[in-house]
Amino acid sequence: MDSVFTKMPAFLKALFVMLFIIVLVFCLIVGRSLLIPLFMGGFFAILFTPISMFLEKYRIPRTLSCIISLLLMITLAVGLISFIVNNIVNFTQDFDDVSGRLVSVAANLDEWTFENFGINENLSEKIESDYLLTILNENSKSISAFALNSIGSLSGLILIPVFMFFFLLYRDHLVNMMVMVYRDRDPTLVRVRISNLRKVIQSYIVGVGKVMVILAILNIIAYSIIGIKHAIFFGVIGAILNIIPYVGPFFGVLLPIVYAFLTMDSLFYPLAIFACYQGIQLLEGNFLTPKIVGGNVNLNAFITFLGLLVGAAIWGVAGMVLVIPMMAVLREIFELAENTKPYALLMGEEKEKIKELPKDEPKD
């Protein structure tokens, strides 16, 4: 089959590749309600594999070790969700005079536009508490739908731990399957590459987790000094959203800025939050991530950015979270075969080569 494909004209090869991509994207979109929990389960399975292996080292049966790892994951997830929900509920007590704040800002804006441009939209008269409540009621369903779409569907909440359990339980079978797929290669080499792949993903996840903890501490300290209520919540949310490259940190700081704008009586607080965000992101981008996460996934910036756009278009927020580990796995799989190594090179960072002059050529 490989020889037939190799002998095809270049335009036919390109056509087959394009058709494959179209079919793949179609399947990803149609099967998102099943595929998102499947990949999420694999994501958590890789993360909790060391715990399961540690328990099995002390002669604990694999089934029991998988159950313990699963219960630990569920406990952490429930604790995080409870923390977020409780803080969101507390927000309702801080928005009693939001409409008055918006009316005051709108009146100042009307005055400024009328003095400079002669335009008066009467925004202060259009903003009323009843109007705001109507907007919230109309969009409450869309907010709920957005939260569900992040995990594929409501059934995804049940399927994610189920898939995680089976991935942990049958991880040796998956390794044996990969060995059979690449049966023309040395089985020991394939097993080593798969083991290294798991370690790469684990190192990436652990590194990102360390960065998130440090960012959460820095955010909490900054917000507490500024005087923002719910500083712990905003700091933790900002750190969690940092897992989504490029766009996650922006949305992480947007929430406290909007909250400060609506509840504080001065623009100093939103501006101070934005200034702290810039400083923390400068520290994270130039020191924390390069030193802690480093080049664990070895993906170049262009492929990472393109993957984020594709992941967001296909699977939404879940796609943006999963796309980096998925592409790292795909790049390592491409490394296993000679025919696919060019694709691994395309996805990875280009290594710097030392240019040497030929010996017979004089140096300038």
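Does Val 310 count as buried, partly exposed or exposed, and at what relative accessibility? In this predicted model, Val 310 counts as partly exposed, because its relative accessibility of 40% falls between the limits of 20% and 50%. Val 310 is found in helix 14. Its C-alpha atom is 8.6 Å from that of Val 323, a residue 13 positions away in sequence.

The overall architecture is helical, with 16 helices and 0 strands in the protein. Of its 364 residues, 33% count as buried. Among contacts with a separation of 6 or more, 69% are accounted for by residues 24 or more positions apart.

Helix 14 comprises the 15 residues 301–315, which at 1.5 Å a residue should span 21 Å. The C-alpha atoms at its ends are 21 Å apart, so the expected and modelled spans agree. The buried residues of helix 14 include Ile 303, Thr 304, Gly 307, Leu 308, Gly 311, Ile 314 and Trp 315. These residues cover an arc of only 145° around the axis and therefore lie on the same side of helix 14. In an α-helix there are 3.6 residues a turn, so residues three or four places apart point the same way. Phe 302 and Ala 313, on the other side of helix 14, are exposed. Gly 316 follows the helix and has a positive phi, near 70°.

The same comparison of spans was applied to helix 10, residues 187–226. Its 40 residues should span 58 Å at 1.5 Å a residue, and the end C-alpha atoms are 58 Å apart, which agrees. Helix 10 is followed by Gly 227, where phi is again positive, near 105°.

Helix 10 also contributes to the nonpolar interior. The largest nonpolar core contains 36 residues, of which Met 40, Leu 215, Trp 315, Ile 324, Met 327 and Met 347 touch the most other members. Two or more residues of this core are given by each of helix 3 (32–57), helix 10, helix 13, helix 14, helix 15 (317–334) and helix 16 (341–347). The largest share, 10 residues, comes from helix 10. A second, separate core has 15 residues, including Tyr 223, Ile 228, Phe 234 and Tyr 277. In soluble globular proteins, nonpolar side chains tend to be buried together.

Aromatic contacts were examined next. A pair of aromatic rings is described by the distance of the centres and the angle of the planes. The count comes to 11 aromatic pairs. In one of them, the ring centres of Phe 234 and Tyr 259 are 5.2 Å apart and the planes stand at 50°, so the pair is tilted. This pair links distant parts of the chain, since Phe 234 belongs to helix 11 (residues 231–241) and Tyr 259 to helix 12 (residues 248–263), with their positions 25 residues apart in sequence number. Both Phe 234 and Tyr 259 are buried. Together with Phe 83 and Phe 233, Phe 234 and Tyr 259 form one aromatic cluster.

A further pair is formed by Phe 274 and Tyr 277, with ring centres 6.1 Å apart and planes at 40°. An angle that is neither under 30 degrees nor over 60 is classed as tilted, so this pair is tilted. Both residues lie in helix 13 (residues 268–293), 3 residues apart, which is about one turn of the helix. Their exposure can be stated separately. Phe 274 is partly exposed, with a relative accessible area of 40%, whereas Tyr 277 is buried, with a value of 15%.

Asn 242 is found in the loop between helix 11 and helix 12. With a relative accessible area of 13%, under the limit of 20%, Asn 242 is buried. Leaving aside residues up to four places away in sequence, Asn 242 touches Val 211, Leu 215, Pro 249, Gln 281 and Glu 284. One of these, Leu 215, is also among the residues that touch the most other members of the largest nonpolar core.

Cysteines were considered last. A disulfide is a covalent bond between the sulfur atoms of two cysteines. A search of the whole structure finds 0 disulfides. Cys 66 counts as buried, at 0% relative accessibility, while Cys 276 is partly exposed, with a relative accessible area of 26%.

Note on methods. Residues numbered from 1 in each chain as written. Predicted model: local features only at pLDDT ≥ 70, side-chain atom pairs only at ≥ 80, totals over all residues. Heavy atoms only, no water. Phe/Tyr/Trp six-rings, centres within 6.5 Å; stacked < 30°, edge-to-face > 60°. Helix = DSSP H or I, 4+ residues; strand = E, 2+ residues; numbered from the N terminus. Buried < 20%, exposed > 50% of the residue type's maximum accessible area, 1.4 Å probe, protein only. Expected span 1.5 Å × (residues − 1). Arc of directions from axis to C-beta. Disulfide = S-S within 2.5 Å. Core = buried A, V, L, I, M, F, W, Y, C linked by side-chain atoms within 4.5 Å. Contact = heavy atoms within 4.5 Å.
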